[in-house]
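These are my notes from going through one model, entry by entry. I put down what I looked up and what came back.

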Amino acid sequence: MLRCGQMILAQALVCRHLGRDWRWDPEKRQPKEYHRILHCFLDKKDSCYSIHQMAQMGVGEGKSVGEWYGPNTVAQVLKQLALFDDWNTLAVYVSMDNTVVIEDIKKQCKQPGRESRSRAGPCGRGEEQASGQSCPETLHLQSQRPLDWRPLLLVIPLRMGINSINPVYIQAFKECFKMPQSCGVLGGKPNLAYYFIGFIDDELIYLDPHTTQQAVDTESGSSVDDQSYHCQRTPHRMKITSLDPSVALGFFCKSEEDFDSWCDLVQQELLKKRNLRMFELVEKHPSHWPPFVPPTKPDVQTTGAEFIESPDKLFESEEEFEILNV
């Protein structure tokens with residue numbers, strides 16, 4: 001599932017920098033943004049979305065290295081790793097309790113304009129004084145500037161049944177692939193993780209990352225042999241009814257208008273036409289939930305697995321149970 005998480009995130013970054021219409025052509029020279037995206041996923045510890053970083057961040061989610069990840073855990077790992085990625089400035093929102101909160105997403109995606117942070121202010125030292133505090137003139141200018149929209153990767157973990165997918169969800173599930181914001185679906189079968197990209201009739205189209213290939217050597221130079229990073233064979237197909245009910249829907253919204261358009265599509269195609277909804281879309285943050293705090297980058301330069309107090313805690317269960325004799 002870690003590799004599938006890389007695939008859905010890579011698709012979001014391609015849409016963010018190269019556009020949805022971009023297609024890989026091995027005979028053509030690729031743009032520099034493409035190579036930079038590729039370097040984010042190399043199997044090296046210093047690549048921000050490498051398998052090493054994802055496994056290390058998973059420790060903070062209660063998963064020891066080598067343990068099976070579900071779609072929700074992978075989504076949480078991507079959300080945390082994105083905080084350390086200053087280049088893509090991607091906002092990763094993972095829904096909770098099958099509910100997407102519009103207010104929370106807009107709160108997370110809106111931030112002070114990037115130009116205001118990089119432009120020198122009246123203090124003469126960028127936006128901050130030597131003491132590290134913003135000067136009053138700069139704060140006043142920032143408050144008058146419009147807020148930017150950070151590109152959004154929206155992940156919605158769902159369970160569409162108990163042991164198998166409930167047939168009442170199948171049509172709504174198909175509609176998700178038709179949306180222009182669709183970024184694929186994380187899912188699979190028991191102990192088999194796939195990245196789903198579409199459907200034909202009652203069959204899902206998916207990519208399977210579990211193919212052993214030669215490691216990519218990047219030590220000799222900056223260029224990367226990218227053949228193995230692309231699907232050069234016919235994608236696989238499987239019956240929708242064979243799908244494990246635990247999945248995670250992915251959507252990419254580059255702008256606020258794009259997100260508003262997605263909300264309209266969800267209302268029209270998923271909520272109003274279906275008696276049994278896959279998920280809820282609400283305007284305001286539910287009052288019975290804890291307050292929403294947008295995730296921010298920690299004041300460290302590491303993904304943080306080493307902050308665990310003792311190695312023994314890597315293998316402790318999140319919950320402890322005791323059998324009581326009545």
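**Entry 1: ring cluster.** Which residues do ring pairs link into a cluster? I found W149, F251, F259, W262 and F279 in that cluster. I note here that the model is a predicted one. I then ran the search for aromatic pairs over the whole structure, and it returned 12.

**Entry 2: F173, F177 and F199.** From the aromatic pairs I picked F173 and F177, which are edge-to-face, with 5.4 Å from centre to centre and 80 degrees between the planes. I recorded both values, since a pair of aromatic rings is described by the distance of the centres and the angle of the planes. F173 and F177 are 4 residues apart in helix α8, so about one helical turn separates them. I looked up accessibility next: F173 has 0% relative accessibility and counts as buried. F177 is at 12% and also counts as buried, because the cut-off for that class is under 20%.

I followed F177 to a second ring, that of F199. The centres of F177 and F199 are 6.3 Å apart and the planes stand at 55 degrees, so I list the pair as tilted. F177 belongs to helix α8 and F199 to strand β7, so this pair ties together parts that are 22 residues apart in sequence. F199, at 23% relative accessibility, counts as partly exposed.

**Entry 3: the sheet.** In what order do the strands of the open sheet run? I read it as β1-β5-β10-β6-β7-β8-β9, which is 7 strands with mixed pairing. The edges are β1 (91–94) and β9 (236–239); each has a single partner strand, so one side of each is left without a neighbour in the sheet. On average, neighbouring strands of this sheet are turned by 30 degrees against each other, direction ignored.

**Entry 4: antiparallel pairs.** I went along the sheet from β6. β6 and β7 run antiparallel and are joined by 5 bridges; V185 has F196 in β7 as its bridge partner. The hairpin of β6 and β7 has 2 residues between the strands, and N191 takes a positive phi near 65 degrees there.

β7 and β8 pair in the antiparallel sense, over 5 bridges. I took Y195 as an example, and its bridge partner in β8 is L207. The hairpin of β7 and β8 has 2 residues between the strands, and in it D201 takes a positive phi near 55 degrees.

Strand β8 (residues 203–207) is joined to β9 by 4 bridges, and these strands run antiparallel. E203 has K239 in β9 as its bridge partner.

**Entry 5: helices across the sheet.** I checked which strands helix α8 (residues 170–178) lies across: β6 (182–189), β7 (192–200), β8 and β10 (246–253). Helix α8 runs at about 80 degrees to β7. Helix α9 (residues 256–271) lies across β5 (152–159) and β10, and its angle to β10 is about 135 degrees.

**Entry 6: Y93.** I moved to the edge strand β1, where Y93 is placed. Is Y93 buried or exposed? At 6% relative accessibility, I count Y93 as buried. Leaving aside neighbours within four places in sequence, I listed the contacts of Y93, among them T99, V100, V101, L152, L153, L154, V155 and F292. A polar atom of the Y93 side chain lies 3.5 Å from the backbone nitrogen of V101. I also took the C-alpha separation of Y93 and A75, which is 8.7 Å for residues 18 apart along the chain.

**Entry 7: helix α5.** The contacts of Y93 also include D104, I105 and Q108, and D104, I105 and Q108 are among the buried residues of helix α5 (residues 102–109). The others on that buried list are I102 and C109. Seen down the axis of α5, the buried residues fall within an arc of 165 degrees, so they line one face of the helix.

**Entry 8: Q53.** My last lookup was Q53, which is in helix α3 (residues 51–59). Q53 counts as buried, with 13% relative accessibility. What lies 2.8 Å from a polar atom of the Q53 side chain? I found the backbone oxygen of K45 there.

Key: Residues are numbered from 1 along each chain as its sequence is written. This is a predicted model: local features need pLDDT of at least 70, side-chain atom pairs count only at pLDDT 80 or more; totals for chains, interfaces and linings use all residues. Side-chain values use heavy atoms; hydrogens and water are left out. Two strands pair if DSSP finds at least two bridges between them. Axes are lines fitted to C-alpha atoms, for helices over the stretch in contact, and angles run from 0 to 180 degrees between N-to-C directions. Contact means heavy atoms within 4.5 Å. Buried means under 20% relative accessible area, exposed over 50%, partly exposed in between (1.4 Å probe, protein chains only). The arc is that of the directions from the helix axis to the C-beta atoms. A polar contact is a pair of N or O atoms within 3.5 Å; within protein, one must be able to donate a hydrogen and the other to accept it, and residues adjacent in sequence count only if both atoms are side-chain atoms. Rings of Phe, Tyr and Trp (its six-membered ring) pair if their centres lie within 6.5 Å; planes under 30 degrees apart count as stacked, over 60 as edge-to-face and the rest as tilted.
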